[in-house]
Amino acid sequence: MPEKMSSQLKLEGDINISEKRKQWQDENIGKETAEILDEDSRYFIKQSLSSPCLNVLKSAKGAWIEDYEGRKYLDFHGNNVHQVGFGNQDVINAVKKQLNELSFCTRRYTNKIVIEFAKKIASLTPGNLNKMLFAPGGAEANSIAIKLARIVTGRYKTISMWDSFHGATLDTISIGGEAVFRKGIGPLSSGTEHVPPPDIHRRFMDIGKPEEWEILWAKYIEYILEKEGDIAAVISEPMRSTPYVPSKEYWQIVRKACDKYGALLIFDEIPHALGRTGQWFTCQNFDVTPDILVIGKGLGGGVFPIAAVIADEKLDVAGHIALGHFTHEKSTLGAAAGLAAINYIEKNKLVEHSRILGEYSLKKANEMMERHPLIGAVRGIGLFIGIELVKNRETREIAAEEAEEVMYRSLSKGVSFKLTMGNILTLTPSLVITKKEMDFALNAIEEAITEVENKMA
Ligand SMILES: Cc1ncc(COP(=O)(O)O)c(C=O)c1O
């Protein structure tokens, strides 16, 4: 891989071909695990960020995963499917029951459980977000959202953000803004304008005060909406998974501008809806309701792939074309898993737990920042926390090597998480995590940071 390419890719996620990964594997992976990994490589196509794989899993329960050699890790990544914890018994029982009743629903038919599921989701969503379609994954659901916006507005252009991710299909990498998915792939969808994300921590131009920075970009979106005049939709996560947490004002400006220029606002909440941010839906933190809301990942209770595109009732105008048409679109198993997951979240007050434990954890991470110059910023909402590592707080130079080392050292101490943008420790635990487990994880991460700082000194 050309040097320039590899360093660019490294600034997005923790790539799977790094020296530090190899070193961690050399020190931790036993003979039998290595044989399984070799076999995996023998049959799976190589791709960045996953195959070849890091390690082999044997089991996953609650907030924890266990590898083939019996080591346990608190999973602060979990692909964000693990709101209700891995192997959640309510979800598993619901799926087993459903398997015995109706395991698949042929197109042209509906079924009671899928309607019950949709009704439950509609009872939780804000505004008039009451009509939906299910899809087998987040990318497909975003794809439906884009198509619906095209039909509703009679336009095709979109505005989305650099550094964003909305799925790995061709249309979703077109609106996405990460090189690791876009580079060298060839022509992408046309009409996909990109704007800088509202990241006050990493401003690429030294203009304006940090707090004015995001407002500048909200106004830039308004400017494009006016100049182009025919944008179908602005599509973004309300809070980027990195995470950046924009102000309410940012989204309120964008919401008003969309209304003024006839564009729809689509929020992709695939990784963080259903409680992670201390609200059922992330947009509720910003007092802004989108025209279309897309959710997924944990919607299937961590066992079944299902996503939903949920539109304002007034957008139900595309009956003449097939918007989704996915084989598993009225999935009985997905609905059973999802309904059980939502009921579990309600029964165990996980939304509230996420808010309270999130506030506690964010405070602890901020205190950690006072002790460690390597930490340049801490941010997040609920159980969605980012710790950004910098070489120097003044210059904000990214500490990518150090972040990778902290990640592998934390892994050896029993905490698994991923990096985003190369230098952000991204912490998204299961919502069933206890305060004691959170303390264990934050202490392990702090120990790892101390070790790396001492090594640097
Ligand atoms: C913000 C966002 N949108 C979309 C997706 C794609 O979801 P899926 O992998 O289910 O296609 C992801 C997955 O990581 C995501 O984080």
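Which residue stands opposite Ala60 in strand 2? In the predicted model described here, Ile65 of strand 2 is the residue that stands opposite Ala60. Because the model is predicted, local features are reported where pLDDT is at least 70 and side-chain atom pairs count only at pLDDT 80 or more, whereas totals for chains, interfaces and linings use all residues. Residues are numbered from 1 along each chain as its sequence is written.

Strand 1 and strand 2 (residues 64–67), like the other strands and helices named below, are DSSP runs numbered from the N terminus (helices being H or I of at least four residues, strands E of at least two). These two strands pair in the antiparallel sense over four bridges, where pairing requires that DSSP find at least two bridges between the strands. They belong to an open sheet of four strands in the order 1-2-3-13, in which the pairing is mixed. Strand 1 (57–61) and strand 13 (415–416) stand at the edges of this sheet with a single partner strand each, so that one side of each is left without a neighbour in the sheet.

The chain is divided into domain 1 (3–86 + 350–456) and domain 2 (89–347), with bounds that come from an automatic or database domain assignment. Taken over C-alpha atoms, the centres of the two domains are separated by 25 Å. The contact between them takes 35 residues from domain 1 and 31 residues from domain 2, two residues being in contact if their C-beta atoms, placed from the backbone, lie within 7 Å. On the side of domain 1 that touches domain 2, the elements giving two or more residues are helix 1 (3–10), helix 12 (350–371), strand 11 (375–381), strand 12 (384–389) and strand 15 (424–427). Helix 12 provides the largest share of that side, with five residues. By class, the same side of domain 1 has 15 nonpolar, 15 polar and five charged residues; here Ala, Val, Leu, Ile, Met, Phe, Trp, Tyr, Cys and Pro count as nonpolar, Asp, Glu, Lys and Arg as charged, and the others, Gly among them, as polar.

Strands 11, 12 and 15 recur in an open sheet of four strands, ordered 11-12-15-14 with antiparallel pairing. Its edge strands, strand 11 and strand 14 (418–420), each pair on one side only, and the twist averages 25° from one strand to the next. Strand 11 and strand 12 run antiparallel and are joined by six bridges, with Gly380 opposite Ile385 in strand 12. Helix 12 lies across strand 11 and strand 12, running at about 175° to strand 11; axes are lines fitted to C-alpha atoms, for helices over the stretch in contact, and angles run from 0 to 180 degrees between N-to-C directions.

Strand 10 (residues 307–312) is largely enclosed by the rest of the structure, because six of its six residues are buried, that is, have 20 or more other C-beta atoms within 10 Å of their own, with C-beta atoms placed from the backbone. Strand 10 pairs in the antiparallel sense with strand 4 (residues 129–135) over six bridges, Ala308 being the bridge partner of Phe134. Four bridges also join strand 10 to strand 9 (residues 292–295), again antiparallel, and Val294 stands opposite Val309.

Of the 14 residues around the ligand, Gly137, Gly138, Ala139, Gly167 and Ile270 come nearest, a residue being near if its C-beta atom, placed from the backbone, lies within 6 Å. Helix 6 (residues 138–153) gives the most to this shell, with three residues, and the shell divides into five nonpolar, seven polar and two charged residues.

Conventions
Buried ≥ 20, exposed ≤ 12 C-beta atoms within 10 Å, placed from the backbone.
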